[in-house]
Structure formats: structure tokens, C-alpha cells
Amino acid sequence: MKSYYDLIDQTFDFPTNEFKVNGKYLEFHDVPLKDIIQEHGTPLRITYLPKISQNIQSAKNWFEKAMKKHKYEGSYTYCYCTKSNHFSFVLDKVIENGCQIETSSAFDIPIIRSLHQKGKINKDILVVCNGFKRPLYKQYISDLINDGFKNCIPILDNMNELDTYKEDIKGDFKVGIRVAADEEPNFEFYTSRLGIRYGDIKDYYKEHIEGSKASLKMLHFFINTGIKDTAYYWSELSRFIYKYCELKKVCPTLDTIDIGGGFPIKTSLTFEYDYEYMVEQIVENIQWICNKSNVPVPNIITEFGSFTVGESGAHIYSILDQKLQNDKELWYMIDGSFITHLPDAWGLNQKYILLAISKWDHPFHKVNMGGLTCDSMDYYNSEAHSSEVFLPLIEEDENLYVGFFHTGAYQESLGGYGGIQHCLIPAPKHVLIDHDENGNLVNRVFAEEQVEQTMLNTLGY
């Protein structure tokens, strides 16, 4: 009978740069996961920090190469989208790699101040402030600019937002405008709820920004479905660049476009995406439209979030037991919960790379995977490339461990961290993996598994 290794080997181009098998155990970026499990147990959340740096530098190199090829005269800036993962160890890597920061809410601003107080950033850092802003967010932005963060740029999401900054900010300041892009044809709405309509932007600039202490620095653009090689994406990007060119002719201070985030991450070993080609096409399209319009090319900003941090993360579980519920439905029960630990898998039917960590030499069979909550929706039974899940047989020689990989973005943001979750399932232990100055793998515990007393305190007991 074929082994689990045979299944993976015949289904995918395996091993990959990230995954290989040593004996009968899986390694992730050459990290021996069996050793990590023996040291820390399960359930376990791990973050492989070098992957953050790798992806940042890859994107920078793609843009640098494309701009050099096309003799593009603008600059490229990599901003990190903090809402995808706010943890300090992520921001530390982002700053180490020379990135700037994009914020989404009022409580992002104290993070900026904390980084500055610790000497990790200076006041010259670019802070792009997105989102529909409540009064506290606008106050924090104004205070930051008044305190000398002159490259803090609020992106206007509606026509009333600017009034607060004019009143509260003491000197000249820069702003951007978010353009309300049309949604994909199969979306429930025609136009994004975020941003200002195309037809209103030029008149709004003339009436409210021109001649004031605010100067328009950038136009902001984002497509919900991300950067994809589709007619829809290229049409919306072109429409946006034509609007930039139209506005640039009446606004000399406008010199930058922000094309948002949207680079996909690998959710299957079958994943194929030509990042370098897409970057080159973006740069070439922007340059062609600007040349046609007799307008200097803009500086380009991106706000990659999931791409920055998603592929650094993994969740590891033990299979507690198996349950045959009828003639053909075999359940593997994990020592965690999909609803609480991986809410995207539950709420959005998001798929991740799922691989066994042990027993690669064992036969395999089809299974359903169940979580610990009492909710009937706490399960995982299909993969990105298949409507089924196959894992090794459970036998008495050792435990079966499984890993969900590339889970580093959004999961704690969506499911909550350190608070109360469904059925009081605790947040798992979180371990950070990095290299020391000699290139050796090292790990440290960022947080122990959540304990009952913290939950009782939150609940008022």
C-alpha cells in the first residue's frame, strides 16, 4: 500500500523550498518540527521570522528590477499593513527591513509612538493612515503630526474628514485621497464603500485642498480581490492612473500613488503566481499611461499585509482520537479549534497548506478533521486542490501530528487574542523561530497557552 509520502510526491512537485521530509518527519524551512513539538507540545502556534524578511526583500527586488528595466523615474516604497498582524515581533522585522507603516485605526497610532520611544523608528517614517476615521483616530493623527511626524499622511476616506485636520493641525500637512474603486462584477455591491467617488475628486481638491495648509500628496487605490492578472484588475488600475494624470495637471504637489496590497500567498502546494511578471506589468502600465498623458510618473507605494507575514505562520496539532461516525465518515479530532484558532477557515472557507508532520511512511486514508468546540461548523474537510483531506493512518507507534501552514496573517485579529473565545478554547502556546548571529536555529516562547484565570478575570469571576 502506498505511503503518505507517495501521495504527496505524486500529487505535488515535492519537496519544495519550504517543505521537505527528513526520514518520516516534516521540516518547515529546515526547522525540525518534531523537535519543536517535543520541546513545546501542542496545540502550538509558530512564527518563522526569517520568512517575513524574505518576502519583503523579494518584493523590493521585483520593483527595483522592473523600474530599472523600464527606466522608471519614480521611487518604490514598501509599507506594511499593520492590521494583518499587529504583534511586536512582526513590526520589529518590518522596521529592520526598512519598511514604512500603514495604519487602519486609532490604536495603531500608540504602536507608532511605542516604536519611536524605543528608538526603533524616527519621526521621518512614512505613516499612511487609512480607514473611515472616528474622532479619536483623527485626534491621534493630528497629535502625531503636531509632534513632528511630518510624513504622517491621513488618507481622506470621505469629504468631511479634512475639516478636523485643518482645525487641529498647527502647520502645513500632507493628505492623500482614497479613490472608491468599482467592485468586481460578481460582488454584492457595485462600488466600494471606502473612498471618494471618481467624479468628485477633482472638484473636491479645487474647493477644499488647493490653497489651504493641506497639500495633496497621493492618490490611494485598492481592489478587494487583490492583484490578479485579470481584465477587471487591469481595467481598474488603468482607470485609477488616468485619474492620477488628470489630477496631477492641476495639482503640482501630487507625486505618489498607493496601489494598496493584494499579493496572494501560497494556500496550496499547487499554488502558481508570477510575482515578478505582475510587478513588471504594473510598472509598465503606469508608465505607459503617464507618458501618453504627458505627466511625470508617480512614486509607487504598496501596503502588503498577508504577503508580508502570512507565510511565516503555522498551527500544529495532535490528533487526539479518531471516530468512525458511519460507514464512511472517519473523523480525526484535533487538540484545538478551527473556529477559534483559524477563523478564516471557518468564516471564509479559507484553505491552508495542510500536511502531516509525522508518519510519512504510513499508509493514508480519507478523513474529516474536527475541532474541540461544540459547534457543528468546527471542521475542516477539503483542501485548495481537492474536495477531500487525506492523512496517515493512526497506529499505536506514535502520535500523529498535523500542521496548517501559512496562517500568519489575520487569524488573531479576527478570532481575538488573549480574551474569550467559543467554548472557552484557550489560545495556543506561541513560539518564535529565528536564526542567531551564527545562522543557527533558535526558538523562544512568545506566549504560553492561555490559562483559565485570565478568562475568569475577563468574565468577571
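Trainee: How many helices and strands are there in the protein chain?
Mentor: The chain has 15 helices and 21 strands. Keep in mind that this is a predicted model.

Trainee: Thanks! What is the radius of gyration, and what would a compact globule have?
Mentor: The protein chain has 24 Å, and a compact globule of 461 residues would have a value near 23 Å, so the two agree. Along the principal axes, the C-alpha trace spans about 75 × 55 × 50 Å.

Trainee: And what share of the residues count as buried?
Mentor: That would be 53% of the 461 residues. The accessible surface of the chain is about 20,900 Å², with 48% of that area belonging to carbon and sulfur atoms.

Trainee: What about charges, how many positive and negative side chains are there?
Mentor: You will find 45 positive and 64 negative side chains, and the centres of these two sets are 7 Å apart.

Trainee: Switching to domains now. Which residues go to which domain?
Mentor: According to the domain assignment, domain 1 takes in 4-49 + 312-459, while domain 2 covers 72-303. Their C-alpha centres lie 35 Å apart.

Trainee: How many residues of each domain are in contact with the other?
Mentor: On the domain 1 side there are 27 residues, in contact with 15 residues of domain 2. For the chain as a whole, take the contacts between residues at least 6 apart in sequence: 72% of them join residues at least 24 apart.

Trainee: Can we go through some single residues? Where is Leu355, and is it buried or exposed?
Mentor: Leu355 sits in strand 15, residues 353-356. Leu355 is buried, because its relative accessible area is 1% and the cut-off for buried is under 20%.

Trainee: What does Leu355 touch, leaving out residues up to four places away in sequence?
Mentor: Its contacts include Tyr4, Ile8, Phe19, Leu26 and Leu269. Trp360, Val402, Gly403 and Phe405 are also among them. In the case of Val402, the C-alpha atoms of the pair are 5.8 Å apart in space, with the two positions 47 residues apart in sequence numbering.

Trainee: Next up, Val367. Which strand is that in, and what does it touch?
Mentor: Val367 belongs to strand 16, residues 364-370. With residues up to four places away set aside, Val367 touches Leu330, Tyr332, Val389 and Leu391. Val367 counts as buried because its relative accessibility is 1%. From Val367 to Leu393, C-alpha to C-alpha, the separation is 9.5 Å, and these two are 26 residues apart in sequence.

Trainee: And Pro343, where is that found?
Mentor: Pro343 is in helix 13, which runs over residues 343-347. Pro343 is buried too, with a relative accessible area of 8%. Beyond the neighbours within four places in sequence, Pro343 is in contact with Phe338, Leu348, Gln411, Leu414 and Gly415.

Trainee: How far is Pro343 from Glu210?
Mentor: Their C-alpha atoms are separated by 45 Å, and the two residues are 133 residues apart along the chain.

Trainee: Let's talk backbone. Which peptide bond ahead of Pro15 is cis, and where does Pro15 lie?
Mentor: The cis bond runs from Phe14 to Pro15, with omega near 0 degrees. Pro15 lies in the loop between helix 1 (4-11) and strand 1 (19-22).

Trainee: What about the bond joining Thr42 and Pro43?
Mentor: That is a cis peptide bond, and omega is about 0 degrees. Pro43 is placed in the loop between helix 2 (33-40) and strand 4 (44-48).

Trainee: What is phi for Lys71?
Mentor: Phi of Lys71 is near 55 degrees, a positive value in a residue other than glycine. Lys71 is in the loop between helix 3 (50-69) and strand 5 (76-81). Lys71 is exposed, with a relative accessible area of 68%.

Trainee: And Asn294, buried or exposed?
Mentor: Asn294 is exposed, at a relative accessible area of 70%. Its phi is positive, about 55 degrees, although Asn294 is not a glycine. You can locate Asn294 in the loop between helix 10 and strand 12 (299-304).

Trainee: Last one: which helix holds Glu284, and how far is Glu284 from His70?
Mentor: Glu284 is in helix 10, residues 275-292. The C-alpha atoms of Glu284 and His70 are separated by 6.9 Å, with the pair 214 residues apart along the chain. Glu284 is partly exposed, with a relative accessible area of 34%.

Definitions and conventions. Residues are numbered from 1 along each chain as its sequence is written. This is a predicted model: local features need pLDDT of at least 70, side-chain atom pairs count only at pLDDT 80 or more; totals for chains, interfaces and linings use all residues. Side-chain values use heavy atoms; hydrogens and water are left out. Helices (H or I, at least four residues) and strands (E, at least two) are DSSP runs, numbered from the N terminus. The radius of gyration is taken over C-alpha atoms; the globule rule is 2.2 Å times the number of residues to the power 0.38. Buried means under 20% relative accessible area, exposed over 50%, partly exposed in between (1.4 Å probe, protein chains only). Contact means heavy atoms within 4.5 Å. Accessible areas come from the Shrake-Rupley method with a 1.4 Å probe; for residues, only the protein chains shown count as cover. Lys and Arg count as positive and Asp and Glu as negative; His and the chain ends are not counted. The place of a charge is taken as NZ of Lys, CZ of Arg, CG of Asp or CD of Glu. Domain bounds come from an automatic or database domain assignment.
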